Amino acid sequence: MMDELLTGITGIAGTSGIAGDTGIAGDIGSAGLAGRLTAVDAAIRAAAAAEIMPRHRQLAAHEIVEKNGPHDLVTTADRLAEEHLTASLTGILPGSVVVGEEAVHADPAVYDALRGDAPVWIVDPVDGTRQFVHGEPGFCTLVALAHHGELLASWTYAPALDQMAVAVRGGGAALNGEPIRSGAPATGAVLTVATSHPDFTTDAQKRTLLGLRTDGFAARPCGSAGLEYLAVARGELDAVAFTWEYAWDHAAGLLLVTEAGGAQATVAGAPFRVAGGNALPFTAARDAATAERVLEALRNGA
């Protein structure tokens, strides 16, 4: 199954402006799942067109519900887009399963699939629900494909901005078909870092993030996590620093940043594990040196 998946990933690469990775899949013979996996882009766009964009700036009061408090919202668009994606993605890759934010909210046991044997689609139907509810364009749909905890491909789609970013393990990252690179900040530059929003952090987490409120850093609360990761991958933001580990918020962006030339690690210095159990907080940054600067500041704040 893994060989077939990687063959399919090479197929995605060839249609997304990303070079296929011959080191991973070049010696695998048949096209395998390539044709089906190239449909992922279309499936994400279709879900957004059918369930998200018709409700952008058109939400009725009854279509917005609080999940765990006034800052944790879910809309009809979130639920219906996830249902749409669940049907289409599992159809593209039979035998796969979906770990989606709304499904896990309804049944936390769904999250256990990240540690199972089946390929997993990790889905956040509307990342940046607060922005979506307020009628702003800064939201996106996040999809990543993982197997045995390893990220293979990811899609970050901002329909209101007409941006589709794709990353393929070992094959690079692209935005609207054009390769992107994160680059590195100028030596000694003040680092701009997007951090967990205060509305979603405990007092202990706030104290840890205080390590970034010092000379050499310009920290600000994050918006849509997916779009912050995209900004890092494009070299427009130096790093992110987050205190929570839900896979649907981070899987797509972590692969995107890594394939754009960036780096990521937890405060313990270990790579972030998509299945959980990470030492928090963690960072993703434009390059390894920037990541280490951020981690050192976070350790000082703890």
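This is a short talk on the cores, one helix and the aromatic pairs of the structure above.

Okay, so one thing up front: this is a predicted model. The protein chain has eleven helices and 14 strands. Of its 302 residues, 54% are buried. If you take contacts between residues at least 6 apart in sequence, 65% of them join residues at least 24 apart. As for the outside, the chain exposes about 12000 Å², with carbon and sulfur atoms supplying 52% of that.

Let's go inside. The largest nonpolar core holds 44 residues, and the ones touching the most other members are Leu114, Ile122, Leu151, Tyr229, Val240, Phe242 and Leu256. Which helix gives this core its largest share? That's helix 10, residues 247-259, with eight residues. Have a look at Leu256: leaving out neighbours within four places in sequence, its contacts include Ser154, Ala173, Ile180 and Leu230. There's also a second, separate core of 26 residues, and Val40, Ile92, Ala153 and Val168 are among them.

Now helix 11, residues 288-301. With 14 residues at 1.5 Å each, it should span 20 Å, and the end C-alpha atoms are indeed 20 Å apart, so that agrees. Its buried residues are Thr290, Ala291, Val294, Leu295, Ala297, Leu298 and Gly301. Why do I say they line one face? Because, looking down the axis of helix 11, they fall within an arc of 160 degrees. As a reminder, an α-helix has 3.6 residues a turn, so residues three or four places apart point the same way. On the other side of helix 11, Ala288, Ala289 and Asn300 are exposed. And what does the buried side pack against? Partners include helix 8 (203-209), strand 10 (191-195) and strand 14 (282-285).

Last topic, the aromatics. A search of the whole structure turns up eight aromatic pairs. Tyr111 and Trp248 make an edge-to-face one, 5.6 Å centre to centre with 90 degrees between the planes. Those two are 137 residues apart: Tyr111 sits in the loop between helix 6 and strand 4, and Trp248 in helix 10. Tyr111 has 13% relative accessibility and counts as buried, and Trp248 is buried too, at 5%.

Then there's Trp121 with Trp155: centres 6.1 Å apart, planes at 45 degrees, so this pair is tilted. Trp121 is in strand 4 and Trp155 in strand 6, 34 residues apart, and both are buried. Finally, Tyr229, Phe242, Trp244, Phe272 and Phe282 form one aromatic cluster. Tyr229 and Phe242 you've already met in the largest core.

Notes: Residues numbered from 1 in each chain as written. Predicted model: local features only at pLDDT ≥ 70, side-chain atom pairs only at ≥ 80, totals over all residues. Heavy atoms only, no water. Helix = DSSP H or I, 4+ residues; strand = E, 2+ residues; numbered from the N terminus. Buried < 20%, exposed > 50% of the residue type's maximum accessible area, 1.4 Å probe, protein only. Contact = heavy atoms within 4.5 Å. Areas by Shrake-Rupley, 256 points an atom, 1.4 Å probe, with all protein chains shown as cover. Core = buried A, V, L, I, M, F, W, Y, C linked by side-chain atoms within 4.5 Å. Expected span 1.5 Å × (residues − 1). Arc of directions from axis to C-beta. Phe/Tyr/Trp six-rings, centres within 6.5 Å; stacked < 30°, edge-to-face > 60°.
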